[in-house]
Amino acid sequence: MAGEFDLTGKTALVTGASQGLGRRFAEVLAAHGAAVALAARQTDKLAALAAEIEGRGGRAFTVPLDVTDCAAIAAAVAEVEAAFAPLDILVNNAGVAVTRRFLEVTPEDYDRVLDTNLRGCFFVAQSVAKRMVARGGGSIINIASVLGQDVIGQVSPYCASKAGLLHLTRAMALELAKTGVRVNAIAPGYIETPMNQAFFQSPPGEKMIARKMPVGHLGQPDDLDGALLLLAGPASRYMTGTTLTVDGAFTLS
Ligand code: NAD
């Protein structure tokens, strides 16, 4: 069974790999044998991560990519495949949140969140899937959120974007089912990253952990390792269109 999580010979693209969950996803995939292509806007951070992965004996490649720049997506994917390796795994992770009351959300807030979390994921997935379909297989993992299923206040565009991403996961999975390309999602609960660190270190954040987290603490990025490795590798060969929730029972609270 250990071989089910061995990704030797596979190549993965991780978007938003410069920090937080994306960084961890890239490290874990590399530690299990995958060659990893790292994409983000902050290429200095990507270069440092690539050097770390190579220092541990892995293979890494960096590519600058702003997922809101639709025209740049196909070129970045083509560059990865030409200069590094054909992609077997996509982790569609880049995402942003804007915290503002619904009545005060501006069109710019809305566009920033939806263009990154939904439109960006859509066209990165489309670009990679075209190539995977031509080769007869692959695994696409969309990083959604429990807020795509449940809602909290002050992040309405984020909730809408993640609900859209969960539905997109199912729609893609259905259309691609016969091609060998599997499409699944991970819906994390609250995982401590630069996206939310300041909030959870504030009094309202501490109160939320105490009152709303059944396990009594936030998740850490490595708490998603199991879901990621399952969906990336052959152990999930009959899973497509599925969402794995990893939330320490937050959605039950
Ligand atoms: P983070 O802010 O630490 O990292 C987000 C990453 O996305 C960064 O590397 C950033 O540079 C990149 N990014 C943002 N906009 C981009 C763009 N236009 N083009 C390319 N890269 C871009 O946040 P995180 O917590 O690591 O979040 C990663 C993903 O996980 C996001 O999709 C987020 O919505 C999701 N998520 C996080 C949590 C959590 O509690 N941390 C919970 C549920 C879902």
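**The ligand and its surroundings**

Reader: Of the 29 residues around the ligand, which come nearest?

Author: A residue is near if one of its heavy atoms lies within 4 Å of the ligand. This is a predicted model, where local features need pLDDT of at least 70 and side-chain atom pairs pLDDT 80 or more, while totals for chains, interfaces and linings use all residues. Residues are numbered from 1 along each chain as its sequence is written, and side-chain values use heavy atoms, without hydrogens and water. Among the 29 residues around the ligand, those that come nearest are Leu21, Asn93, Tyr158, Ile191 and Thr193.

Reader: How far from an oxygen atom of the ligand does a polar side-chain atom of Thr193 lie?

Author: Polar contacts here are pairs of N or O atoms within 3.5 Å. Leu21 places a backbone N or O atom 2.8 Å from a ligand oxygen, and Asn196 places a polar side-chain atom 3.1 Å from one. For the polar side-chain atom of Thr193, the distance to a ligand oxygen is 2.5 Å.

Reader: How much of the area that the ligand exposes alone does the protein bury?

Author: Accessible area comes from the Shrake-Rupley method with a 1.4 Å probe. Taken alone, the ligand exposes 820 Å². Of that area, the protein buries 95%.

Reader: Why is the pair of Tyr190 and Phe200 edge-to-face or stacked?

Author: Rings pair if their centres lie within 6.5 Å, with planes under 30 degrees apart stacked, over 60 edge-to-face and the rest tilted. The count comes to five aromatic pairs. In the pair of Tyr190 and Phe200, the centres are 5.3 Å apart and the planes stand at 75°, so the pair is edge-to-face.

Conventions
A polar contact is a pair of N or O atoms within 3.5 Å; within protein, one must be able to donate a hydrogen and the other to accept it, and residues adjacent in sequence count only if both atoms are side-chain atoms. Rings of Phe, Tyr and Trp (its six-membered ring) pair if their centres lie within 6.5 Å; planes under 30 degrees apart count as stacked, over 60 as edge-to-face and the rest as tilted.
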